[in-house]
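The report below follows the strands, helices and ligand surroundings of one chain in turn. Please keep the sequence and the structure in view while reading.

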Amino acid sequence: MYALTAAHLTRRATLSGLAATTVASRSSFAGEPEVVIIGAGACGLAAARTLIDRGRSVVVLEARNRIGGRALTDTATFSIPFDHGCSWLHTSNQNPWTPIAEDWGYTLHNHDNADEVVHVGDRLADDAELAAFGQAWDGLDGALAAAGRAGEDVSAASVSPRTEPWIWVAESWVGPMSMGKDLEDFSPKDWWSLASTAPNLMIKEGFGTLVARYGEGVPVSLATPARRVRWGGPGVTVETDTGTLRAKVAIITVPLGVLAAESIAFDPPLPGWKRDAIAGLPMGLLAKAPLKLDGETFGLPENGWLSYLTQSTEACYFLTRPFGFDLVIGFMGGRFAWDLTRAGDDVAIDFAKHALRSMLGADADKHVQGGAFTGWGRDPWSHGAYASAKPGSFDARAGIRRAVDDRLFFAGEACAGSFAETCGGAMRNGVDVAKDVDRLLG
Ligand SMILES: Cc1cc2nc3c(=O)[nH]c(=O)nc-3n(C[C@H](O)[C@H](O)[C@H](O)COP(=O)(O)OP(=O)(O)OC[C@H]3O[C@@H](n4cnc5c(N)ncnc54)[C@H](O)[C@@H]3O)c2cc1C
């Protein structure tokens, strides 16, 4: 949830105890740390810093050649900071990243009550249409909230009022573009369990840069995927392409998509209840298609939203001109985003351009200098954007958090309770699990 916000959707660790080195790549492992952490995203980095601060020996294994995981700011493509993954500080007054961003002088913008432009074809929606949209929105939100409060672990689609025609716009925002799933694929109970999202802050310099800076100095073995975890004997043994590492405990922070794909083998296999929990929490997909403009603004607001009447959730809605940059960022989600990912970046970028043209006129393309499409759906180290419970599988949330044999600790955004799906939740969960492990080690 929570990629999209605003009108639509309803401590600090210190560097003490960390070596003042930059992230290093290691090709073999000397000694035997107490804890091996698999994954150097927000969760793994927070867990590592917490344990190191407590004097524990830690090695972090990271499959990619960078840290940050699903927090990634790209400044190369458009010479503008563009977050492929997380970009909003949701629930910012409880978000552990907020005080860090403030301390480090990041430029934050409260994005609640953003300006919103709604189209019907190539014209602006009139008052009656906007009122109908508002009603559809309230009807959907109310129905989901009532079912969620009542603990209905059913498909969210089954409680949607499905009042034509604006319901599809409301469903697109709530489902594909927030949960990364169509309403058929998540439950009101799971949706309701996730924290309220306001106040939401945007970060001009990029969320990814914040996480990367937080990870500076954490000892990480980059480009070192964990291939197999043996936990039959004492402690744990993790096999990688460049060596085998023994430790007392493992904290496994990889996205659930990686576990579902069985990219890490467990020997002996994980118990049935843990495998059920993984299967009960499939990854959703939120995809972004940033389009670089040539300076033309189309009269679109800075940090605004641009959406249009659709007949289904196969839609691309835009964040317009973030921080005044010459950029509009298209969002697609759910089944449609998986389809576009399979079809390829060019098809996805064309769809975003088509959506823009259909609203702003045939000439809109002339002002688009380039486009991109985020690849989380085909990324072997995430297999999607974030996880949520299938209808009927809400209990998987508890199962995924439970440790196996006090040796295999599972952590990450999916384990973050009401802050699940967010980078703040990932960090918070990393700290919590690290404290549990520290207590266990005595
Ligand atoms: C498109 C998109 C938009 C989002 N928007 C927001 C937002 O606006 N606000 C927000 O708060 N959150 C948002 N999120 C969610 C947020 O990015 C994640 O919840 C958070 O970054 C997850 O952190 P994590 O540490 O749990 O997992 P990750 O960041 O995925 O870290 C896990 C790490 O494990 C590594 N790994 C995987 N397999 C292996 C292996 N076999 N061996 C070793 N390492 C491995 C991965 O490479 C990765 O670095 C968004 C996510 C996406 C994809």
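Strand β11 (residues 226-230) is joined to β15 by 3 bridges, and the two strands run parallel; within this pairing, R228 has A265 in β15 as its bridge partner. The model in which these pairings are found is a predicted one. β11 and β15 belong to an open sheet of 4 strands with mixed pairing, in which the order is β13-β12-β11-β15. Because β13 (243-247) and β15 (265-267) each have a single partner strand, they stand at the edges, and one side of each is left without a neighbour in the sheet. From one strand to the next, the twist averages 20 degrees.

Strand β1 (residues 35-38) is covered on both faces, since V35 and I37 on one side and V36 and I38 on the other are all buried. β1 pairs in the parallel sense with strand β14 (residues 249-252) over 4 bridges, and in this pairing V36 stands opposite A250. A further 4 bridges join β1 to strand β2 (residues 58-61), again with the strands running parallel, and here I37 stands opposite V60.

Strand β17 (286-293) is mostly covered as well, with 7 of its 8 residues buried. β17 is joined to β20 (residues 327-333) in the antiparallel sense by 7 bridges, with L291 opposite V328. To β21 (residues 368-371) β17 is joined by 3 bridges, likewise antiparallel, with K292 opposite G370. The pairings described so far are collected in the table.

| Strand pair | Bridges | Direction |
|---|---|---|
| β11 and β15 | 3 bridges | parallel |
| β1 and β14 | 4 bridges | parallel |
| β1 and β2 | 4 bridges | parallel |
| β17 and β20 | 7 bridges | antiparallel |
| β17 and β21 | 3 bridges | antiparallel |

Among the helices, α8 (residues 272-280) has K274, A277, I278 and G280 as its buried residues. These residues cover an arc of only 165 degrees around the axis, which puts them on the same side of α8. The buried residues of α8 pack against α7 (256-260) and α11 (396-401).

Helix α3 (residues 127-149) contains G148. Is G148 buried or exposed? G148 has 20 other C-beta atoms within 10 Å, and because a residue counts as buried at 20 or more such atoms, G148 is buried. Leaving aside residues up to four places away in sequence, G148 touches P188, K189, W191 and W192. L201, by contrast, lies 53 residues from G148 in sequence, and the C-alpha atoms of G148 and L201 are 26 Å apart in space.

The last topic is the ligand. Which residues come nearest to the ligand? Of the 44 residues around the ligand, G39, G41, G69, C86 and G412 come nearest. By character, the residues of this shell divide into 24 nonpolar, 14 polar and 6 charged. At least two residues of the shell are supplied by each of α1 (42-53), β17 (286-293) and α12 (423-441). β17 thus appears in two settings, as a contributor to the shell around the ligand and as a strand joined by bridges to β20 and to β21.

How values were computed
Residues numbered from 1 in each chain as written. Predicted model: local features only at pLDDT ≥ 70, side-chain atom pairs only at ≥ 80, totals over all residues. Near = placed C-beta within 6 Å. Nonpolar A, V, L, I, M, F, W, Y, C, P; charged D, E, K, R; others polar. Buried ≥ 20, exposed ≤ 12 C-beta atoms within 10 Å, placed from the backbone. Arc of directions from axis to C-beta. Contact = placed C-beta atoms within 7 Å. Pairing = 2+ DSSP bridges. Axes fitted to C-alpha atoms, helices over the stretch in contact; angles between N-to-C directions.
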